[in-house]
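Dear colleague,

I am passing on the structure below, followed by some notes on what was found in it. Please read them beside the coordinates.

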Amino acid sequence: MSSSSSRRTHPERLNVTAPNAQTIELARQSGARVIAEIGVYEGHTSVALAELATERGGSLHLFDYQERVDPLVERLHAAGHTHVVGHGNSQKLMDSYNWSLMELMRSDAPPTFDYVFIDGAHVWGIDALTFFLADLMLADGGHVDFDDYTWSLAASETMNPDVFPATAELHTPEQIEERQVGLIVDLLVRRDPRYVEVLPNKAYRKGPSQRSARSRFRFRG
């Protein structure tokens, strides 16, 4: 593996060229004001979400690598969306937007999100924790939205090991073949009775619960 690929867990270019229309429409229909987009890439969806947050006097929080977040926030601020807030992380192996979420949680005034769109690493080792952290900051009645339920590293045009050799260094063969976003949805979201499916395999509305975190899940054993 080359030195350049060993420093990155993802390639610089991804196969994303258009906004996520379903996410934008559901965020609009839901009345969301405070929105988190986790994984922004070049900001295709961010622009529409920023417009929505601005219209409603809310805010948009963007999470991704620092080199992606900073220019996107600057561009959106220049367009008049001054309530866009960037939360960038480094390329360090043990760093991710989960650390940024932690920093936000321990801040003096952490936000309560109405809508969280998770379109980041697409792997269990990162995004399973992302879901739990997002859940802690998601308002009752808010939505969590996942991109790419059927996606896998093996099927990815940019992440399969033949194209991006670092994938084989970072993941087991089982992990490469597995649909890991699907695992998060099936094992964590669907098993939590507070969440009701709004868009099949994609978006879920959170309801209230007074039970403990452990009792909300059907653990075996």
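In β7, the residue that V144 has as its bridge partner is Y204. That bridge belongs to a pairing (two strands pair if DSSP finds at least two bridges between them) in which β5 (residues 138–146) and β7 (residues 203–206) run antiparallel and are joined by 3 bridges. Helices (H or I, at least four residues) and strands (E, at least two) are DSSP runs numbered from the N terminus.

This is a predicted model, in which local features need pLDDT of at least 70 and side-chain atom pairs count only at pLDDT 80 or more, while totals for chains, interfaces and linings use all residues. Residues are numbered from 1 along each chain as its sequence is written, and side-chain values use heavy atoms, with hydrogens and water left out.

The open sheet has 7 strands in the order β3-β2-β1-β4-β5-β7-β6, with mixed pairing; its edge strands, each pairing on one side only, are β3 (84–89) and β6 (195–199).

The largest nonpolar core (buried Ala, Val, Leu, Ile, Met, Phe, Trp, Tyr and Cys residues joined through side-chain atoms within 4.5 Å, where buried means under 20% relative accessible area with a 1.4 Å probe, protein chains only) has 34 residues, and F113, V116, F131, V144 and F146 have the most contacts inside it. Among the elements that each supply at least two residues of this core are β1 (34–38), α6 (124–137) and α9 (180–189). Another core, of 20 residues, lies apart from it and includes A53, V69, V84 and A203.

Best regards

Key:
Buried < 20%, exposed > 50% of the residue type's maximum accessible area, 1.4 Å probe, protein only.
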